[in-house]
Amino acid sequence: MYSEKLRTDAMGTIASASEFSHHSNKELSERKKQTLSSNDYVLEFLPPKNNSNNQNNDEHVTTKKCFIQITGMTCASCVANIEKNLLKEEGIYSVLVALMAGKAEVKYNPDIIQATAIAEFIRGLDFDAVVIDGTSPGGKLELNIKGMNSASCVHNIESKLSRNDGILHVSVNFTTKKATIKLDPELVGPRDIIRIIEGLGFRASVAKRHSAVHHLDHKEEIKQWRKSFLISLVFGIPVFALMMYTIVMDNNYSGSMALEQNIILGLSSLNLIFFILCTPVQFIGGWYFYVQTCKSLKHKTANMDVLIVLATSTAYLYSCVILIVAIAEKTEQSPVTFFDTPPMLFVFIALGRWLEHVAKSKTSEALVKLLSLQAMDATVVTLGKDNTILCEEQVDADLVQKGDIIKMVPGGKFPVDGKVVEGSSMADESLITGEPMPIVKREGSIVIAGSINAQGTLLIQATHVGSDTTLLQIVKLVEEAQTSKPPIQQLADKLSGYFTPFIVVISLLTLTVWIIIGSVNFGVMKKNLSGFTKNISKAELIVRFAFKTSITVLTIACPCALGLAVPTAVMVGTGIGAQNGILIKGGEPLEMAHKIKVVMFDKTGTITHGVPKVIRVLILGHIAELPLKKLLAVVGTAEASSEHPIGSAITKYCKEQLGTEMLGYCTDFQSVPGCGISCKVTNIETVLIKSERSPDKMQKQDPGLMQISDSHSTASTQIIQGPVTSQVYSVLIGNREWMTRNGFQVGNDLDEAMITHEISGQTAVLFAIDGALHGIIVISDTVKSEATTAVSSLQNMGVDVVLLTGDNFKTATAVARQVGIKKVFAEVLPSQKVAKVQELQEQGKTVAMVGDGINDSPVLAKADVGIAIGSGTDVAIEAADVVLMRSDLLDVVACIDLSKKTVFRIRINFIFALIYNLVGIPIAAATRSQT
């Protein structure tokens with residue numbers, strides 16, 4: 001069989017239609033060294049590649065990693081400034097600063113420098129910096145201790161704890177009332193340590209670790225930029241209206257406008273209004289830019305803030321100076337000013353910064369929702385002989401220790417990863433696997449923190465606690481992926497960094513050259529002067545003309561053209577995308593999408609609908625022996641009491657076929673996890689009457705209803721005639737094992753029919769009524785109608801398409817064949833999905849991931865472009881770069897096509913921006929039209 005050719009390794013299953021790849025033993029052993037494994041699950045974390053020379057040099061050097069939250073960064077120049085200065089410090093080996101995440105990852109030598117000193121150094125660069133707990137090692141414990149009165153209390157606690165096995169180091173700080181303890185979790189746990197401290201008469205509790213998520217709400221920045229934008233907008237709208245008014249009047253009227261009439265000699269009404277509107281924007285709306293410019297110049301760097309201040313301040317001060325001179329000279333015509341520049345520039349910049357910080361805040365919301373899945377407490381029990389419970393204790397989830405026995409009741413969240421020691425149940429593990437079907441849990445099965453216990457009561461033994469749980473490892477993966485630094489939109493900032501000093505030099509050079517020219521040959525300059533009178537000295541005319549020309553160079557060389565080349569195209573591209581149901585979170589993914597070479601699809605909820613659905617019902621014998629509607633009413637009523645997704649799918653199908661929401665009564669209901677259900681059903685006749693009267697009643701037989709024969713099955717039920725009576729039906733629905741256990745023999749015809757569907761990754765269940773098998777119900781997660789077209793379109797664009805799923809390889813390959821995907825990675829966990837993406841990225845490929853579930857959030861964050869289905873979970877949507885609001889897979893193709901067109905427009909914008917500056921600056925420096 002095809003499925004028998006599939007093989008699995010530690011990194012999941014790779015299935016291909018023609019060939020299958022295998023990892024070498026050496027490769028596998030190296031990976032296992034970095035793998036946290038249990039019986040059922042493997043969590044693998046791959047470190048970034050290091051240069052071999054560096055590895056040799058640092059072989060005997062102790063290294064440590066810390067994460068520092070940084071606020072105040074505005075562009076790539078700030079990032080470069082921090083990285084450049086930190087790398088100059090002794091003991092710091094590498095620095096990675098993420099602008100969007102607002103976080104720095106620093107590797108350093110703890111014998112030379114500490115994390116707090118690194119944060120202090122960053123603060124010295126005029127950025128706010130706070131050390132955050134980004135690693136949370138399992139062998140480290142922080143406690144809050146109350147009741148200490150003197151230094152002797154510190155000594156008592158430290159000495160008492162140090163004498164206990166498993167406690168490696170103790171440090172108690174009397175000032176902060178905190179204790180830091182290094183321990184061996186195999187020998188001692190947090191609850192043991194708290195008991196020891198409380199035995200000394202003090203009160204102790206676990207100090208809550210603050211993840212970077214608490215620093216990423218950006219509330220202050222959002223408030224600041226919203227205020228700045230509104231202030232600029234209030235004054236910018238009238239300025240824009242006046243600009244439009246002057247343009248229209250200049251084009252349609254030859255005479256002077258009413259607003260150009262002088263209030264006093266040299267000052268027109270228009271210039272006075274412009275001055276009044278511009279001044280508040282310049283100094284209130286632009287205050288932040290002045291502060292950042294001072295900080296930047298203090299450290300001898302130039303960023304976009306410097307350019308903005310240089311352009312607006314030059315325009316404002318120049319306008320003020322020439323206006324004051326005109327008033328002093330009492331000129332008949334008020335000069336042309338540039339007061340309209342600052343308000344309009346600040347409006348667009350403040351809006352962009354506001355939207356940027358709003359987008360950044362979404363990152364923290366995704367991590368908050370991930371953490372909200374964690375259980376807050378746990379019931380720890382003490383077992384006696386024969387696993388009898390001697391006592392129960394309700395404890396905080398942080399206090400659960402490795403090896404503890406925890407009692408789980410139906411509906412509760414598993415607080416830790418563990419192994420079932422007693423009981424059977426069904427667990428919803430869609431958090432990890434992404435599959436909607438609950439998983440049977442029996443003695444020896446593995447359970448995952450954050451998943452939900454659906455039915456029975458379980459006793460589990462904790463195997464991974466604290467930060468080692470699968471849930472917190474997913475959180476860690478998302479945080480680390482978001483800290484990675486993509487090379488996006490740095491070109492404009494780099495050009496601007498060199499552009500600013502270059503233009504200043506050109507401006508000063510222009511001033512100097514024209515002064516020399518005017519002094520040597522005043523006739524050349526005189527040709528460009530209007531209103532030349534002998535009342536003004538020659539020297540004054542030379543200086544005024546040279547100054548105007550140099551100011552013109554600064555004004556025309558304003559880097560707005562370069563700075564807006566990307567944002568304007570991105571604004572249009574994202575707008576078009578939003579109109580077509582493609583939500584693109586900023587310019588970064590929009591730019592990156594055109595480079596995509598590999599698109600990886602999740603299966604459940606992405607390629608498929610993600611909801612079990614009845615696709616076929618196979619009926620044994622003649623339908624006349626038990627009317628079809630009665631059969632559906634009986635089966636639907638029986639499954640209505642089941643909480644299993646398969647039961648819900650069957651009930652929904654039966655209601656649709658009967659055309660009514662009304663069902664019969666179910667008694668003596670019994671559900672056996674992993675097997676099936678049994679019950680007694682009554683009041684079916686009332687359902688049938690209701691169905692006949694329904695306007696939506698079944699007019700024709702569903703094409704999924706088929707008839708098969710089976711020599712081993714008989715149907716003894718007779719059709720009831722005469723007055724309506726309530727008959728009792730005994731119903732069994734389940735798998736082969738359940739039917740065999742209840743005395744039914746599954747014949748060859750039935751078995752072959754079930755196998756045919758099971759090979760295709762579908763679920764087939766048997767149902768029996770009143771002691772006779774009546775048929776098979778086939779349930780499957782159906783493929784979306786547009787999936788095949790989307791895959792084919794991507795392949796025609798030269799993009800490799802891969803299926804990446806946590807589902808079993810049999811189902812995965814069946815779905816892949818159906819939609820035309822040739823390469824499949826199956827049975828992979830979230831961390832393994834991240835590793836798969838990383839492998840492709842190391843080969844130089846740009847990878848896009850399309851997913852919908854919480855389990856997809858780490859790989860969505862790690863991929864170059866993460867694409868979430870709009871009908872998916874909030875966590876996946878917020879971790880992704882692109883959201884398909886219509887949940888249409890063809891929008892993946894549209895997104896890539898939109899990116900290609902937008903990037904083409906960005907390049908055109910850059911070309912015209914460069915041409916503008918390369919042509920405009922020489923013209924401005926060579927001549928100056930008089931005003």
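**Figure 1. The hairpin of strands E27 and E28 in the predicted model.** Three residues lie between the two strands of this hairpin, and Gly 674 takes a positive phi near 80 degrees. Strand E27 covers residues 665-672 and strand E28 covers residues 676-682. The two strands run antiparallel and are joined by six bridges. One residue to find in E27 and E28 is Thr 667, whose bridge partner in E28 is Lys 680.

**Figure 2. Surroundings of Ser 678 in strand E28.** Is Ser 678 buried or exposed? Ser 678 has a relative accessible area of 14%, and because the cut-off for buried is under 20%, Ser 678 counts as buried. Leaving aside neighbours within four places in sequence, its contacts are Asp 668, Phe 669, Gln 670, Val 731, Leu 732 and Trp 738.

**Figure 3. The largest nonpolar core.** This core has 37 residues. Those with the most contacts inside the core are Val 599, Phe 601, Ile 607 and Leu 794. Helix H30, residues 890-926, supplies the largest share of the core, five residues. Another core, of 31 residues, lies apart from this one. Among the residues of that other core are Leu 626, Leu 628, Ala 638 and Tyr 729.

**Figure 4. Contacts of Val 599.** Which residues does Val 599 contact, leaving aside its neighbours within four places in sequence? They are Leu 794, Val 799, Asp 800, Val 801, Val 802, Ala 848, Val 850, Val 892 and Ile 896. Val 599 and Leu 794 are both among the residues with the most contacts inside the largest nonpolar core.

**Figure 5. An open sheet of four strands.** The strand order is E10-E11-E9-E12, and the pairing is antiparallel. Strand E10 (167-173) and strand E12 (203-206) stand at the edges. Each of these edge strands has a single partner strand, so one side of each is left without a neighbour in the sheet. From one strand to the next, the twist averages 25 degrees. Strand E9, residues 140-146, is joined to E12 by four bridges. Within this pair, Asn 144 has Ser 205 of E12 as its bridge partner.

**Figure 6. Helix H5 across the sheet.** Helix H5 is made of residues 151-162. The helix lies across E9, E10 and strand E11 (178-183). Relative to E10, H5 runs at about 170 degrees.

**Figure 7. Helix H8 and its bend.** H8 spans residues 269-285, which is 17 residues. From its first C-alpha to its last, H8 reaches 24 Å, close to the 24 Å expected at 1.5 Å a residue. Where does H8 bend? The bend, about 25 degrees, is at Cys 278, and a proline, Pro 280, follows within four residues. The buried residues of H8 are Leu 270, Asn 271, Phe 274, Leu 277, Cys 278, Val 281, Gln 282 and Gly 285. An α-helix has 3.6 residues a turn, so residues three or four places apart point the same way.

**Figure 8. Helix H27.** This helix covers residues 830-842 and has 13 residues. The distance from its first C-alpha to its last is 19 Å, close to the 18 Å expected at 1.5 Å a residue. Of the 13 residues, 10 are buried, so H27 is largely enclosed by the rest of the structure. The buried residues are Pro 830, Ser 831, Gln 832, Lys 833, Val 834, Ala 835, Lys 836, Val 837, Gln 838 and Leu 840. Just after H27, Gly 844 takes a positive phi of about 85 degrees.

**Figure 9. His 757 in helix H24.** Helix H24 is made of residues 748-759. His 757 is buried, with a relative accessible area of 9%. Leaving aside its neighbours within four places in sequence, His 757 is in contact with Arg 616, Leu 618, Gln 762 and Val 778. His 757 and Val 778 are 21 residues apart in sequence, and their C-alpha atoms are 7.4 Å apart in space.

**Figure 10. Ser 445 in a loop.** The loop that holds Ser 445 lies between strand E20 (439-441) and strand E21 (446-447). Ser 445 is buried, with a relative accessible area of 15%. Not counting residues up to four places away in sequence, Ser 445 touches Gly 418, Lys 419, Val 420 and Val 440.

Conventions:
Residues are numbered from 1 along each chain as its sequence is written. This is a predicted model: local features need pLDDT of at least 70, side-chain atom pairs count only at pLDDT 80 or more; totals for chains, interfaces and linings use all residues. Side-chain values use heavy atoms; hydrogens and water are left out. A nonpolar core is a set of buried Ala, Val, Leu, Ile, Met, Phe, Trp, Tyr and Cys residues joined through side-chain atoms within 4.5 Å. Buried means under 20% relative accessible area, exposed over 50%, partly exposed in between (1.4 Å probe, protein chains only). Contact means heavy atoms within 4.5 Å. Two strands pair if DSSP finds at least two bridges between them. Axes are lines fitted to C-alpha atoms, for helices over the stretch in contact, and angles run from 0 to 180 degrees between N-to-C directions. The expected span of a helix is 1.5 Å times one less than its number of residues. The bend at a residue is the angle between axes fitted to the seven residues ending there and the seven starting there.
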